[in-house]
Each structure stands twice: as C-alpha cells, then as structure tokens.
Amino acid sequence: REMPVPMRQMAWMKLFQWMAMGWYWQYVSYSIARSLFDTSDPTSTGFRDAVLVNGQIGGFYNAVSFVTALLMVGYTKRYGAPKVHALCLVLSGIGMWCIPQIQTQAWLFLPAVGVGLGWASIMGNPYVMLARSVPPERTGVYMGIFNMMIVIPMLINGLTFGPLYRHLLGNDPRHALSFAGVLLLCAAVTMLWVKSPAKAAPRG
C-alpha cells in the first residue's frame, strides 16, 4: 500500500523488458541457426556455428553495454532516466526485431549495438529511478520488491512460453526473437507514464 507511485508505474516496464530478455536468451541461437545457416537441427554443424556466432554477438553487445553505461550517466542527468531508458528500449527492440531478418554474419553486429544499449540501460536506469523514488531508510525493502519484478516475469515466461511458441509463433525461433523486440517496444511505451523525481527522496 505504501509503495511509491513511480515504482508501481515501473512494474509494467519491468514485466515487458524481462520477458523480452528471457525470450531473447532462449531463442537467439536458434534464430541465427535458421536465418544464417538454414537449420533447426541442434546436432548439425550449422547450429554449432550459430552458437559460436551468438557467442561473438553476445561478447560484442556486452562490450557495447560496458562503454555506453559510462557514457549514459551524463545523458541520464541531462534528460532524465525515464526518457533515456525509453530510447534505449526502443533501440534494443528494433535490434531484436532485425536480427532474424539478417542473413549475413557481419551485419548482425549492427542490431547488437541496440541490444547492448538496451542492456546497459536495463542494468542502470531503472535503479536510478527507484533510488530517487523510495525513502532511503526503506531502500532494502523496496530493492527486494523491485527484484521480484525480475523474478515474476521469468516465472510467467516459464509457464507461458511453450504454448505461445507453439500456437502464436509457429515454432519458429525467428518469430520468437521478433516477439521479444515487440515486448521491448511495449516496455518503452510504458515509460511515458513513469514520473521519476529529479532528485532522491529526502531521508525521513
């Protein structure tokens, strides 16, 4: 009942973004195998190559996240965490949507930039908004509740991704990755109604 309003407002963003990340991690290798190597056989050489390509892409987007997380601090201070986070989610969503459409390995690094920006923001900006919204003396309690907003979407994924994958996405991992991109765009839209204070809440 006492949960700060911005934290309540961020619940939908957390739901969509963590469901999206779950779908991405689950299906990106399978999607690359289909789009780059035209295989869905996990025992094939093409699938092995897809896993290796995904490892390169993963290393690249994590490097992008590392660099941009440092650069993002200034933009967050200037424009506010909600706006910066919304933009990064949009770029990440577009990146995830584009990955299944690409059939050349080198071009996969371009949408990976968007995924890296999104990941950098996911790891920082929601916590900036949280820290500015909750009373400092209750930070531990609300941080625990906020982390539940990661666990719950993952549980929902575990319960729903099978039927959704079979009946909505046609057992095609490329559609699953595009769906993850749509979820990130939905997360970005929810940021429009998040009102995060410009400064941290005063100590009570």
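This text walks through a predicted model, from its confidence to its salt bridges, its unusual backbone angles and a surface patch.

Start with confidence. The protein chain has a mean pLDDT of 90, and 96% of its residues reach 70 or more. Confidence is not even along the helices. Helix α4, residues 109-122, has the highest mean, at 96. Helix α5, residues 125-133, has the lowest, at 84.

Turn next to the charged contacts. A search of the whole structure finds three salt bridges. One joins Arg34 to Asp172, with the closest N and O atoms 3.7 Å apart. This pair links distant parts of the chain. Arg34 sits in helix α1, while Asp172 belongs to the loop between α6 and α7, and 138 residues separate them. Asp172 also meets Arg174 in a salt bridge, at 2.9 Å from N to O. The shared partner joins Arg34, Asp172 and Arg174 into one network.

The cover over these three side chains varies. Asp172 counts as buried because its relative accessibility is 8%, under the 20% limit. Arg34 has a relative accessible area of 23%, so it is partly exposed. Arg174, at 25%, is partly exposed as well.

Another salt bridge pairs Asp49 with Arg48. Here the closest N and O atoms are 3.3 Å apart. Asp49 is partly exposed, with a relative accessible area of 23%.

Now look at the backbone. Most residues other than glycine have a negative phi. Asp38 has a positive phi of about 50°, although it is not a glycine. Asp38 lies in the loop between α1 (5-37) and α2 (45-79). Its relative accessible area is 68%, so Asp38 is exposed.

Asn171 also has a positive phi, near 55°, and is likewise not a glycine. Asn171 is found in the loop between α6 (139-168) and α7. That loop also holds Asp172, the partner of Arg34. Asn171 is partly exposed, with a relative accessible area of 42%.

Finish on the surface. Trp12, Val189, Leu192 and Trp193 form a nonpolar patch there. Together they have about 470 Å² of accessible area. Trp193 lies in the segment after α7, the helix that spans 173-190. Why can Trp193 belong to a patch while it counts as only partly exposed? Patch residues need over 30% relative accessible area, and Trp193 has 42%, so it passes that cut-off. The exposed class starts over 50%, so Trp193 stays partly exposed.

Conventions
Residues are numbered from 1 along each chain as its sequence is written. This is a predicted model: local features need pLDDT of at least 70, side-chain atom pairs count only at pLDDT 80 or more; totals for chains, interfaces and linings use all residues. Side-chain values use heavy atoms; hydrogens and water are left out. Patches are made of residues with over 30% relative accessible area and no salt bridge: like charges are joined within 9 Å, nonpolar side chains (Val, Leu, Ile, Met, Phe, Trp, Tyr) within 5 Å. Accessible areas come from the Shrake-Rupley method with a 1.4 Å probe; for residues, only the protein chains shown count as cover. A salt bridge is a side-chain nitrogen of Lys or Arg within 4 Å of a carboxyl oxygen of Asp or Glu. Helices (H or I, at least four residues) and strands (E, at least two) are DSSP runs, numbered from the N terminus. Buried means under 20% relative accessible area, exposed over 50%, partly exposed in between (1.4 Å probe, protein chains only). pLDDT is the predictor's confidence in each residue, from 0 to 100.
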